[in-house]
Amino acid sequence: MGIVLDKSTKAGLGYTMGNVLVKGISFLTLPLFSRIMTTEEFGIYNVFVSYEAILYVISGLAIHTSVRSAKLEFKERIDEYISSVALIYILNFVILSGIVLWFGENLGNWMGFDRPVLELLVMYSFGNAVLALYNGRISLDYLYRRYLAAAFLNSAGSIALSVVLIFTVCRANKETGRILGATVTAFLLALVILAVLLKTAKPVCTRMYWGFALKYSLPIVPHGISQVILAQFDRIMIRTLVGNAEAGIYSLAGNIKLILVIMTDSVAMAWSTWFYEQIERKEIKMIQSRANQLALLSVICTVGCMAIAPELIGLLGGDAYAAGKYAAIPMILDAFVLFQYNLIVVAEYYRKKTVCIMWGTMMAAGINLVTNYIFITRFGFIAAAYTTLFSYTCYLAVHLAISRRLVGAFILSLGRLAFYAGITLVSAGINLYFMQSVPMRWGVCAVLVLVLGSRLIQEAGVLEKRKKRGKEEDDQKGC
């Protein structure tokens, strides 16, 4: 008899499999861009993306994070809410464009970009912010196919247009071609999405909607910027303290963890909606069991990524990026820690304790800035990978404590978490020590994946039996 998947599980699988295909396009085209662009040009583009990540938070004011709570608050009027808050995005775009127009020269000197690039930065951040709002809306109904369609158009369009520009009008400045390709695609897609949202429901400029959105989301803006500092600011600091080439090498190494990032984003999309449903029913044990399973899955993926990281560096970048393999291992561990964070932070969003999220993340970002400055200047760009890992660990610890207080129990068992972290750290040590030995790295990985994989299958079976038993008991009570 086949396994029957519920709606949230199907959506989770859909997001994950589709994300692998869509973002896999970007991953597979890395060898193209890393070879047609110099390490310096590659570094400049990635620093642009890092700045965009900061401006993205400001452009959208993190309003997309309010969508699930808005659904509970406004119910059938959710589409009217979405179209109404979309006007805030348009207003912010106009304001940011005006700031660049008037202060672009000074900002450009400080950031290392000229005024036209800063205008592209505003357009790119606006496009991605609108796309996040749209994704938040369609995820409420588990419409993962629409999400994947938008993501595919954004990814494929960006790559295709960038290649055309690099080989035609931007031959002398290839980083400009890459920036233009990404920006124009995201901006045009955002315009289409806005048209759809405004057509679905007529926007209403009311304090009820705007007030709810801003009250919920504004405390998350410092949190979002702090998240960017944790995830992206090391590239900016490496460019400033070391150079563009080193920023390019470090950025390519960061792409190795893309497999885990894809899984994290996909699972988080379905997990948050499922979590809200379960917590409303007080199903704490069910949440804990599922969280432990997902954490185990992340361990398996982490071990696998670390084992093949050196080979992927060579494949994606070639000899010019070889030094990045020593940064890739701790960066993959970053993704492991971030996955666990996403499992637990949803409790803070559910309780609407966004101020707690803000302070916890700002603390970790502060640690990251200080440790990055100290260790990058002393030990070079690879040190940034380890300081960022340390900062993420502090980040997780703070939010573990906060979520425990809000829910009354640890969503993720501390014992399990410590055990899983121990496995990933030992695996990381083995991979670093045997960096030049493929058989040793791959052999250890194969053993761990087989053992952990069998454990995951066993736990999944136990959980399904428990769910079936609970359903039968409910049916009996109903009779």
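**Figure 1. Salt bridge between Arg-235 and Asp-234 in the predicted model.** The closest N and O atoms of Arg-235 and Asp-234 are 3.3 Å apart. Arg-235 is buried, with a relative accessibility of 8%. Asp-234 is also buried, at 2% relative accessibility. Asp-234 is in addition one of the residues touched by Asn-372, a residue of helix α16. The search that covered the whole structure found three salt bridges; the other two appear in Figures 2 and 3.

**Figure 2. Salt bridge between Asp-79 and Arg-137.** The side chains meet with an N to O distance of 2.7 Å. Asp-79 belongs to helix α5 (residues 78-111) and Arg-137 to helix α6 (residues 115-139), so the salt bridge ties together parts that are 58 residues apart in sequence. The two partners fall into separate accessibility classes: Asp-79 is partly exposed, with a relative accessible area of 27%, whereas Arg-137 is buried at 13%.

**Figure 3. Salt bridge between Arg-441 and Glu-311.** The N to O distance between these side chains is 2.6 Å. The pair links distant parts of the chain, with Arg-441 in helix α19 (residues 438-478) and Glu-311 in helix α14 (residues 284-317), 130 residues apart. Arg-441 counts as buried, at 2% relative accessibility. Glu-311 counts as partly exposed, at 29%.

**Figure 4. Surroundings of Asn-372 in helix α16.** How accessible is Asn-372? Its relative accessibility is 0%, and Asn-372 therefore counts as buried, the cut-off being under 20%. With residues up to four places away in sequence set aside, Asn-372 touches Asp-234, Met-237, Thr-377, Ala-384, Thr-387 and Thr-388. Of these, Asp-234 is the salt-bridge partner of Arg-235 shown in Figure 1.

**Figure 5. Nonpolar surface patch with residues of helix α16.** The patch covers about 700 Å² and is made by Leu-241, Val-242, Leu-369, Val-370, Tyr-373, Ile-374, Phe-375 and Phe-379. Which helix supplies the largest share of the patch? Helix α16 (residues 354-379) does, with six residues. Phe-375, a patch member, is placed in helix α16 and is partly exposed, at 33% relative accessibility. Asn-372, in helix α16 as well, is buried. For the protein as a whole, the exposed area is about 21,500 Å², of which carbon and sulfur atoms supply 67%.

**Figure 6. Contacts of Ile-284 in helix α14.** Ile-284 is partly exposed, with a relative accessibility of 25%. Apart from neighbours within four places in sequence, Ile-284 is in contact with Ile-279, Val-407 and Ala-409. The C-alpha atoms of Ile-284 and Ile-411 are separated by 7.8 Å, although these residues are 127 residues apart along the chain. Helix α14 also holds Glu-311, the partner of Arg-441 in Figure 3.

**Figure 7. Overview of the protein as context for the close-up views.** The protein has 19 helices and zero strands. Of its 479 residues, 55% are buried. Among contacts between residues at least 6 apart in sequence, 83% join residues at least 24 apart. The salt bridge between Asp-79 and Arg-137 spans 58 residues in sequence, and the one between Arg-441 and Glu-311 spans 130.

Terms used
Residues are numbered from 1 along each chain as its sequence is written. This is a predicted model: local features need pLDDT of at least 70, side-chain atom pairs count only at pLDDT 80 or more; totals for chains, interfaces and linings use all residues. Side-chain values use heavy atoms; hydrogens and water are left out. A salt bridge is a side-chain nitrogen of Lys or Arg within 4 Å of a carboxyl oxygen of Asp or Glu. Helices (H or I, at least four residues) and strands (E, at least two) are DSSP runs, numbered from the N terminus. Buried means under 20% relative accessible area, exposed over 50%, partly exposed in between (1.4 Å probe, protein chains only). Contact means heavy atoms within 4.5 Å. Accessible areas come from the Shrake-Rupley method with a 1.4 Å probe; for residues, only the protein chains shown count as cover. Patches are made of residues with over 30% relative accessible area and no salt bridge: like charges are joined within 9 Å, nonpolar side chains (Val, Leu, Ile, Met, Phe, Trp, Tyr) within 5 Å.
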